[in-house]
Structures are given as C-alpha cells and as structure tokens.
Amino acid sequence: MNKKLFVLLVEDNEDLIYLFKEVFEGKGHTVAVARSIAEVVKVYQDPIDDQRFIYALVDIHLGSSRDNAGILILKLIHEIASHRTLACAMTGDATEQTIRAATQVGARIVFPKPIDLDVVRIQFEETDLEEVITKASHNQLTGLLNYDRFEEMLLVDINLALEDRYPGSNKSFSLLSIDADDFGSINKLYSHRTGDLAIKAIGRILEKRLRLGDWICHKSGDEFLIWLRNTKIQTAIGIAANLEDAVAAAEVRHSDGQLIPIRISIGVTGVDMEQMRHLTNSEKVPHIMEQAEMGSHGLNKVKEKRKGERRRHNT
C-alpha cells in the first residue's frame with residue numbers, strides 16, 4: 001500500500017485520539033486532530049493543505065453522550081469542503097435516527113462504537129477518494145468544479161459573509177463570466193477533439209492563475225466561471241484583463257503541429273451584498289447569475305474598457 005492519507009479526526013476523547021494516531025501514523029498516514037468546530041475550520045483554512053483531499057472521521061457526540069455537536073461539524077464540512085473531503089461518522093448510539101441524521105449532512109459511512117480502527121484504516125486505504133469526490137463535484141473533461149458544486153459553495157460563502165462569520169476583512173465578491181471566442185470555428189475547422197483540447201488548455205491556464213481562495217467552475221461547453229473572494233469590482237476587472245492576456249499568449253497546437261489561436265472574453269459582475277440580505281437561499285445565486293447575464297451581453301466589457309484606456313493614452 002503506497003497511498004498516504006491525510007485524515008482529520010474530530011474527537012475529544014484523548015484515549016481514542018492516542019489509539020487512532022498510533023494505528024494511522026504507524027502506517028505512514030498524516031493525522032490532524034480537531035476537538036471543536038473552530039479547530040475544524042482551522043484545518044480547512046490552512047493554505048498548505050488547500051488542495052489536499054481529506055478523509056474525515058467525526059464523533060457525533062462531542063463533549064457529551066447526548067450532545068450532537070458532531071452533526072453540526074459534518075454539516076459544516078459538507079458545506080465548505082465536500083469537494084475534497086470524504087466524511088464519515090462514529091457513534092455509540094447507532095440507532096436508525098442517528099445514522100439518518102449523519103448521512104443527511106454528508107456522512108458516507110457511520111461506524112458504530114466501539115470502533116475497530118484497523119477496519120476504518122483499511123476502508124480509507126481501499127477507497128480512491130479523489131475519484132469518488134471528483135466524479136460527484138467536478139467536470140469530467142477539465143477536472144474543474146462543476147456548476148452544481150460551484151453553486152453550493154457560492155451560497156455558503158455569501159451566507160457566511162452575511163452572518164459575519166466570513167474569514168476575510170473585505171466582504172466583497174466578484175464573479176467572472178468567461179466564454180471562449182469563436183469556439184464553434186475551432187470545432188468546425190479542426191475537430192471536436194481539438195475543441196476539447198482547447199477547452200482543457202483554457203481551464204488549465206485559468207486555474208493556474210487563480211489566487212489562493214478563489215474558485216473556478218467549468219459551467220458547460222466553452223463557459224467558465226470564477227468566484228473572486230474579498231475582491232471589489234475594479235480589482236476584478238484588472239484580474240480579468242490579465243487572464244485574457246494569459247490565454248491569448250498560450251500556444252495550443254493541433255496534432256499536426258498547427259498553432260490554434262485561442263481567446264476568451266470576460267464579463268465582470270460585482271455582488272451587491274445588501275441586496276443578498278433580502279433574498280432567500282434559493283434566490284441568491286440565480287440572482288447573481290442573472291445579473292452576470294444582463295451585464296455581459298457582451299462579454300467584451302473588459303476589452304472595451306481597455307480599448308478606451310488606450311484611446312485616452314493616445315490622445
């Protein structure tokens with residue numbers, strides 16, 4: 001077994017913590033221990049592990065045999081990190097009601113106590129976590145987040161900010177709406193396979209230039225979305241311009257070596273957080289997408305702004 005795991009244990013029983021670390025670390029795996037919601041959040045905010053896939057094992061009854069604090073933690077993990085976490089639960093009260101409550105907030109497996117840690121370890125080791133998570137939340141062509149998962153993450157981000165629980169001082173958000181220019185021509189002149197190659201190249205270029213904490217989504221076809229956190233619209237316009245330049249400068253070649261020109265156009269939408277306060281959860285993200293659609297009937301606003309700036313410089 002060559003696979004090394006990163007495992008988050010959410011538990012406050014020191015004896016169990018000791019045994020868990022002994023079993024998992026003894027096999028070369030990395031274990032992070034969290035005893036509260038705050039400590040769980042800290043694990044996920046660690047930039048070193050920002051892209052790491054995580055196995056989480058959460059004790060449903062933290063602090064007290066009657067307290068279901070672990071359910072709240074499972075819900076939090078599902079909301080903020082289900083795109084990179086396989087969450088499991090353990091309980092000394094393995095009733096149908098408890099198991100249902102855990103699975104409803106994202107637990108894939110519920111282990112009864114007393115728990116056989118070697119069984120848990122083998123279960124984790126034999127699960128291809130990246131494949132399980134990626135199939136559920138990522139686009140199969142580009143490997144980027146799919147729209148359904150992206151939409152869920154946006155709603156969580158917005159609500160955290162509205163509740164003053166957002167981990168940033170600047171609670172401004174911007175959305176970049178990205179289309180590949182003349183993408184139909186690439187499919188027509190070359191092939192759909194070449195078109196797929198171009199889309200994957202655009203996705204890689206955009207993802208490589210994301211800042212820590214920003215999210216990218218392959219919405220469909222030649223459409224991408226980028227969520228910029230702690231970013232006002234003027235800053236977002238500058239980021240969009242840089243992304244357009246990066247894609248234009250890239251070299252994508254056909255199988256015969258011919259250079260395929262790729263370009264993108266980007267629309268920029270600022271999120272009105274005061275308006276978000278008056279919308280229901282089911283209305284928030286669709287409203288942002290509607291504003292993005294209305295504001296970028298062309299996705300040329302970044303290009304037009306830059307043309308205007310060049311004209312002013314030339315006069």
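**Reasoning from values to terms in a predicted model**

Biologist: Why is K27 called partly exposed?

Modeller: In this predicted model, K27 has a relative accessible area of 42%. Buried requires under 20% and exposed requires over 50%, so the value for K27 falls in between and the residue is partly exposed.

Biologist: Where does K27 lie in the chain, and how far is its C-alpha atom from that of K4?

Modeller: K27 belongs to the loop that links α1 (14-25) with β2 (30-34). Its C-alpha atom is 8.4 Å from that of K4, although 23 residues separate the two along the chain.

Biologist: What elements does the chain as a whole contain, and what share of its residues is buried?

Modeller: There are 13 helices and 11 strands in the chain. Of its 315 residues, 47% are buried. As for contacts between residues at least 6 apart in sequence, 69% of them join residues at least 24 apart.

Biologist: What makes β1 and β2 a pair of strands?

Modeller: Pairing requires at least two bridges. Strand β1 (residues 6-10) is joined to β2 by five bridges, therefore the criterion is met. The two strands run parallel, and V10 has A34 in β2 as its bridge partner.

Biologist: In what order do the strands of the parallel sheet stand?

Modeller: The order is β2-β1-β3-β4-β5, an open sheet of five strands with parallel pairing. Its edges are formed by β2 and β5 (109-112), each of which pairs on one side only. Disregarding direction, neighbouring strands of this sheet are turned by 20 degrees against each other on average.

Biologist: Which bridges place β4 between β3 and β5?

Modeller: Strand β3 (residues 54-59) runs parallel to β4 and is joined to it by six bridges, with I54 opposite T85. On the β5 side, four bridges join β4 to β5, again in parallel; there M90 has F111 as its bridge partner. Both counts satisfy the minimum of at least two bridges, so both are pairings.

Biologist: What makes β4 a mostly covered strand?

Modeller: In strand β4 (residues 85-91), seven of its seven residues are buried. Each therefore has under 20% relative accessible area. T85, A87, A89 and T91 point one way, while L86, C88 and M90 point the other way, and all are buried.

Biologist: Why are β7 and β11 said to stand at the edges of the antiparallel sheet?

Modeller: This open sheet has four strands in the order β7-β8-β6-β11, paired in the antiparallel sense. β7 and β11 (264-270) each have a single partner strand, so one side of each is without a neighbour in the sheet. On average, and with direction ignored, neighbouring strands here are turned by 20 degrees against each other.

Biologist: How do you know that β11 pairs with β6, and what characterises the hairpin of β7 and β8?

Modeller: Seven bridges connect strand β6 (residues 173-180) with β11 in the antiparallel sense, and the minimum is two, so the two strands pair. One of the matches is L175 with T269 in β11. Strand β7 (residues 215-220) and strand β8 (residues 223-229) are antiparallel too, over five bridges, and S220 stands opposite E223. Two residues lie between these strands, and G221 takes a positive phi near 50 degrees.

Biologist: Which strands of this sheet do the helices α7 and α9 lie against?

Modeller: Helix α7 (residues 147-162) packs on the sheet and touches β6, β7 and β8; its direction makes about 140 degrees with that of β7. α9 lies across β6, β7, β8 and β11 and runs at about 5 degrees to β8. An angle under 35 degrees counts as roughly parallel, so α9 is roughly parallel to β8.

Biologist: Why are α9 and α10 called oblique to each other?

Modeller: The axes of helix α9 (residues 192-208) and helix α10 (residues 233-249) come within 10 Å and cross at roughly 135 degrees. Roughly perpendicular covers 65 to 115 degrees and roughly antiparallel begins over 145; the crossing angle lies between these ranges, and the helices are therefore oblique. The crossing is right-handed.

Biologist: What classes of residue make up the contact of α9 with α10?

Modeller: I202, I205 and L206 of α9 meet L243, A246 and V247 of α10. By class the contact has six nonpolar, no polar and no charged residues. Ala, Val, Leu and Ile are among the residues that count as nonpolar.

Key
Residues are numbered from 1 along each chain as its sequence is written. This is a predicted model: local features need pLDDT of at least 70, side-chain atom pairs count only at pLDDT 80 or more; totals for chains, interfaces and linings use all residues. Side-chain values use heavy atoms; hydrogens and water are left out. Buried means under 20% relative accessible area, exposed over 50%, partly exposed in between (1.4 Å probe, protein chains only). Axes are lines fitted to C-alpha atoms, for helices over the stretch in contact, and angles run from 0 to 180 degrees between N-to-C directions. A crossing is left-handed if the near helix is turned anticlockwise from the far one by less than a right angle, and right-handed if clockwise. Contact means heavy atoms within 4.5 Å.
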